[in-house]
Amino acid sequence: MSKILQISKVSKIYKNKFQALDEVNLKINEGEIFALLGPNGAGKTTFLRVLSTRVRPDIGTVIVAGYDSRTKPKELRRSIGVVGHQGLLYDDLTASENLEFYSRMYGLKDVQASVGRCLELVGLESKSDSKVRTLSHGMQKRLGIARAILHDPMVLLLDEPESGLDVDSRDKLKEILFKWIEKGRTVVMTTHSAD
């Protein structure tokens with residue numbers, strides 16, 4: 001298996017002198033799920049923000065899918081999908097309309113096929129015409145994942161995706177993530193739970 005993420009001596013200190021990351025070294029292979037476990041304030045979200053190029057490390061090297069975050073940030077961003085605490089969905093649009101909007105932002109050619117594929121993967125085909133505000137919290141989380149994988153990224157970054165989900169929704173989330181890695185893709189996620 002080839003390495004999809006290579007992180008070398010990455011450190012991040014915020015202006016208030018809080019050291020969020022201290023010389024992190026990590027290599028992750030294609031087709032793996034990697035979970036960062038720790039309490040609030042441990043630097044998990046900062047780590048994901050560094051991987052997604054939203055935050056620049058003070059020192060160190062971040063390479064994702066062969067792209068260095070300092071020299072090829074645009075190419076790196078095209079190779080990842082990100083799901084944060086906010087799903088980045090529009091409440092008054094339907095599930096399909098949200099995905100169509102993001103498909104056009106990504107410049108995808110076959111919008112309907114991409115939307116259908118992603119809704120099927122997250123198990124929301126029957127909710128395609130439902131407005132986001134009418135969906136349960138778990139369904140909105142799954143739709144957020146569908147948004148993040150529309151462009152078929154090599155790496156999916158998830159910040160505490162199981163937060164606020166019931167047992168059935170957590171099981172569905174695991175099923176989605178395992179389907180994703182079966183395609184040879186990689187998942188990096190933060191969590192409070194060792195389950």
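The structure holds 3 aromatic pairs. Rings of Phe, Tyr and Trp (its six-membered ring) pair if their centres lie within 6.5 Å; planes under 30 degrees apart are stacked, over 60 edge-to-face, and the rest tilted. This is a predicted model, in which local features need pLDDT of at least 70, side-chain atom pairs count only at pLDDT 80 or more, and totals for chains, interfaces and linings use all residues. Residues are numbered from 1 along each chain as its sequence is written, and side-chain values use heavy atoms, with hydrogens and water left out.

**Aromatic cluster**

Tyr90 and Phe101 form one aromatic pair. Their rings sit edge-to-face, 5.4 Å centre to centre, with 85° between the planes. The pair links distant parts of the chain. Tyr90 is in the loop between β6 (80-83) and α3 (95-106), while Phe101 is in helix α3, 11 residues apart. Helices (H or I, at least four residues) and strands (E, at least two) are DSSP runs, numbered from the N terminus.

Phe101 also pairs with Tyr102. That pair is edge-to-face too, at 5.2 Å centre to centre and 80° between the planes. Ring pairs thus join Tyr90, Phe101 and Tyr102 into a cluster.

How buried or exposed is each ring residue? Buried means under 20% relative accessible area, exposed over 50%, and partly exposed in between (1.4 Å probe, protein chains only). Tyr90 has a relative accessible area of 42%, so it is partly exposed. Phe101 is partly exposed as well, at 34%. Tyr102 counts as buried because its relative accessibility is 11%.

**Charges over rings**

Two basic side chains lie over tyrosine faces. A charge sits over a ring if NZ of Lys or CZ of Arg is within 6 Å of the ring centre and within 35 degrees of the ring normal.

| Charged residue | Ring | Distance from ring centre |
|---|---|---|
| Lys12 | Tyr14 | 5.5 Å |
| Arg147 | Tyr102 | 5.6 Å |

Tyr102 thus pairs with Phe101 and has Arg147 over its face.

**Helix packing**

Axes are lines fitted to C-alpha atoms, for helices over the stretch in contact; angles run from 0 to 180 degrees between N-to-C directions. The axes of α3 and α4 come within 9 Å and cross at roughly 125°. This makes α3 oblique to α4. Angles under 35 degrees count as roughly parallel, over 145 as roughly antiparallel, 65 to 115 as roughly perpendicular, and the rest as oblique. The α3 crossing of α4 is right-handed. A crossing is left-handed if the near helix is turned anticlockwise from the far one by less than a right angle, and right-handed if clockwise.

Which residues make the contact between α3 and α4? Ala95, Ser96, Leu99, Glu100, Ser103 and Arg104 do so from α3. Their partners in α4 are Val111, Gln112, Ser114, Val115, Cys118 and Leu119. Contact means heavy atoms within 4.5 Å.

Glu100 lies in helix α3. With a relative accessible area of 18%, Glu100 is buried. Leaving aside neighbours within four places in sequence, Glu100 is in contact with Val111, Gln112 and Val115. Glu100 and Ser114 are 14 residues apart in sequence and 8.5 Å apart in space, C-alpha to C-alpha.

Helix α4 (residues 111-121) also packs against helix α5 (residues 137-149). Their angle is about 140°, with the axes 9 Å apart. The two helices are therefore oblique to each other. The crossing of α4 and α5 is right-handed. In α4, Arg117, Cys118, Leu119 and Leu121 meet Leu143, Ala146 and Ile149 in α5.

**Loop residues**

Most residues other than glycine have a negative phi. Thr53 has a positive phi of about 70°, although it is not a glycine. Thr53 lies in the loop between α1 (44-51) and β4 (59-64). At 17% relative accessibility, Thr53 is buried.

Asp152, also not a glycine, has a positive phi of about 55°. Asp152 lies in the loop between α5 and β7 (155-159). At 30% relative accessibility, Asp152 is partly exposed.

Ser79 is found in the loop between α2 (73-78) and β6. Is Ser79 buried or exposed? Ser79 counts as buried, at 6% relative accessibility. Not counting residues up to four places away in sequence, Ser79 touches Val64, Ala65, Tyr67, Pro153, Met154 and Val155.
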